[in-house]
Amino acid sequence: MKRLSPAALSLIIALLLPPDRSNALIVSPPCHRPSALQLLSRRSGIPHRPHVDANDTPRISTSRPIHASGIALRFAAVDRGDENYLDADSSDVTASSTIPSSTESPATVPLSLTLTTGVVTSLLGFLYAKCMKLGFKMLWKTLPSYVFRGGVSVSTNALVKLLRRYPALYIVIMVTCGGGMVAIFSSMLPRLFSAHDYVHILSSRDELTDLDCNEEDLFPSAGLVLPVLGLCLVTSISGFSLGPEAPMVTVGSLVGASLARKFWKHHQSQIPKSTNTKTAIPSKSSLEKTLAYAGAAGSLTGFMNIPIAGPIFALEMTSRHSGFAPSAVKSFTTAISASLAGITFVRGIMLPHVRIGGHFDYVSRAAVGLITGREMILVGLGCGLGGAMVGTCFHTVVRLLRGLMWSKNNDTITEGGKIHEKYIGMFKMTSVALMVGILSMQYPQTMFWGEGSLQCTISGQCTPFAATPHGLPISMMQWAKVDPNIPLTSWFDAVQVGMAKFFAIALASAGMFPGGVIFPLLSSGAGLSRALVEGITLWVPSVSYSFISPMVVMSFMAATLTSITRTPLATCLILALTASGITPLSVLLPGAVLASYVSVFVSEKLSQESFFKYSS
């Protein structure tokens, strides 16, 4: 009869003996973390599962418990020749000795590192805002003035002669050229990190990796910061309806994760080898996640120049539902601290004399009246339902457009075929840019990322588009379907403006152009809300109209954005902190809060699709 091996004997003993749950060890296979490039190559939200190799030896971990006694583990150690285990005293083999428990309070990130991350990323956001203003001024103020006012000889340039005769063609040319540049550089560069990747990584619930894996990086190198900012800058200033919010989240997280890796490596080289590093500082992956949130919070704060709203948005956007993902809960204090450090740096040092406060007026200075609780509830519920339907339609339109434009990757394509596909992709992106340019020529009030011209839409164009920071010369708007410089006169005009913005965002998103959707979606919601205001005028009492009208606008804006990004709390904070001092927030904000959460709940019931690709 063959003698049983120690491993077989250990298995028999483990099965016969009752599990001692007080001193139970947890054994799991080693974790194999995918590299950052592998994470970036994933387009679907399929969570990573650790690969188990038959030659791998088990290690002690804290998930998926397999109860066994100390005797069984000792026999297993004999079988695999683990001398270190044999030399250790058996009394030390307990779950509470050197193995961190999953319920153990995590180590905190040093405050100095948090503040440094906030200041660095807020400076990055501040400088990017300056570049956007400079680029817009150069393309849409300086260059048109040079072309249309005699800076170039007509006799020597046929294009200038055509533009002077039809100035509106300038919009089509600039948007198409900008889109073509983005298409060319996108084909030349490797796949860049995006806000979708940020959400995919941080929405993971894989807690095993936070404890046991410190080999691979979760986020790619900070060397991608400049390419990401460059492409997003060209997209935004060319006239696309995409904003800087997603680039700020992207580059902020890259910088924060890079600082986390540098700090972790420095700390590892300074501590003695006998120290339990898992309890001294957070694991490498956990530190990367936390400072990625902090970096995104700091960059959003530096760009928007408002506190709190940035970190809440960066934290909320990684959850599929209205709330925070597990990694966001752990990083909440760090993200808030980084945002406060950023706003202190920007407002106290970079802009010490610029007044604080929002600039969007939702009511006129002469507005008087009152609004009842029932009216507020009806507005919140109605706008929440409407915003959910708009968000569901947006997901459907983007999915259909992407299905028509882009085929799934095929690994069997030859090298020549890949080059051919690259040129086809450039042509498709340029064609999308041409369509966006034609749409912008007919509805110029839908151009750009929306923050500079949002007041025009909020007021129903009582504020002329030409008078806003993103206003264009009147001669360029000669072919506008709805004159952006006169107030809206019917619900149909408002619907046209809102839907034009809706399709401009959908086309740019489906065309794979980089950029964010916060203020563009707010602008689309404001346009559609004006149609609701025109429609309910006959049923609203005159005493309530002065406040119901702006409440409908604010609530529908919030509902439209939250149905797509699933960020209700951050959206309400953005609307509140960007509103002007004369806006009665105590009257308008409750309806917007109700509409935001109703929109998220209803949109989840209407469709399982989402704008971001969540991993869990």
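The following exercises, each with a worked solution, concern a predicted model of one protein chain.

Residues are numbered from 1 along the chain as its sequence is written, and side-chain values use heavy atoms, without hydrogens or water. Local features need pLDDT of at least 70 and side-chain atom pairs count only at pLDDT 80 or more, whereas totals for chains, interfaces and linings use all residues.

**Exercise 1. The chain as a whole**

Task: State how many helices and strands the chain has, and what share of its residues is buried.

Solution. Helices (H or I, at least four residues) and strands (E, at least two) are DSSP runs, numbered from the N terminus. By this rule the chain has 24 helices and 2 strands. Buried means under 20% relative accessible area, exposed over 50%, and partly exposed in between (1.4 Å probe, protein chains only). Of the 616 residues in the chain, 51% are buried. A contact means heavy atoms within 4.5 Å. Among contacts between residues at least 6 apart in sequence, 81% join residues at least 24 apart.

**Exercise 2. The span of a helix**

Task: Compare the expected span of helix H16 with the distance between its end C-alpha atoms.

Solution. The expected span of a helix is 1.5 Å times one less than its number of residues. Helix H16 (residues 332–350) has 19 residues, so it should span 27 Å. Its end C-alpha atoms are 26 Å apart, which agrees. Among the buried residues of H16 are Ile336, Phe345 and Arg347. The buried residues of H16 pack against H5, helix H13 (284–304) and helix H14 (309–316).

**Exercise 3. An aromatic pair**

Task: Classify the ring pair of tryptophan 140 and phenylalanine 448, and locate both residues.

Solution. Rings of Phe, Tyr and Trp (its six-membered ring) pair if their centres lie within 6.5 Å; planes under 30 degrees apart count as stacked, over 60 as edge-to-face and the rest as tilted. The structure holds 17 aromatic pairs. In the pair of tryptophan 140 and phenylalanine 448, the centres are 5.4 Å apart and the planes stand at 85 degrees, so the pair is edge-to-face. Tryptophan 140 lies in helix H5 (residues 111–148), and phenylalanine 448 in the loop between helix H18 (415–442) and H19; the pair therefore ties together parts 308 residues apart in sequence. Both tryptophan 140 and phenylalanine 448 are buried. These two residues belong to one aromatic cluster, together with Phe136, Phe148, Tyr170 and Trp449.

**Exercise 4. Cysteines and a neighbouring threonine**

Task: Determine how many disulfides the structure holds, and describe the surroundings of threonine 468.

Solution. A disulfide is a pair of cysteine sulfur atoms within 2.5 Å, and the structure holds 0 of them. For cysteine 456, the nearest cysteine sulfur, that of cysteine 462, is 9.1 Å away. Cysteine 456 is buried because its relative accessibility is 0%. Threonine 468 is found in the loop between helix H19 (454–458) and helix H20 (491–510). With 8% relative accessibility, threonine 468 counts as buried. Leaving aside neighbours within four places in sequence, threonine 468 is in contact with Gly452, Ser453, Cys456 and Thr463.

**Exercise 5. A proline in a loop**

Task: Locate proline 514 and decide whether this residue is buried, partly exposed or exposed.

Solution. Proline 514 lies in the loop between H20 and helix H21 (518–536). Its relative accessible area is 21%, so proline 514 is partly exposed. Proline 514 and leucine 229 are 285 residues apart in sequence, yet 9.3 Å apart in space, C-alpha to C-alpha. Leaving aside neighbours within four places in sequence, the contacts of proline 514 include Val182, Leu231 and Cys232.
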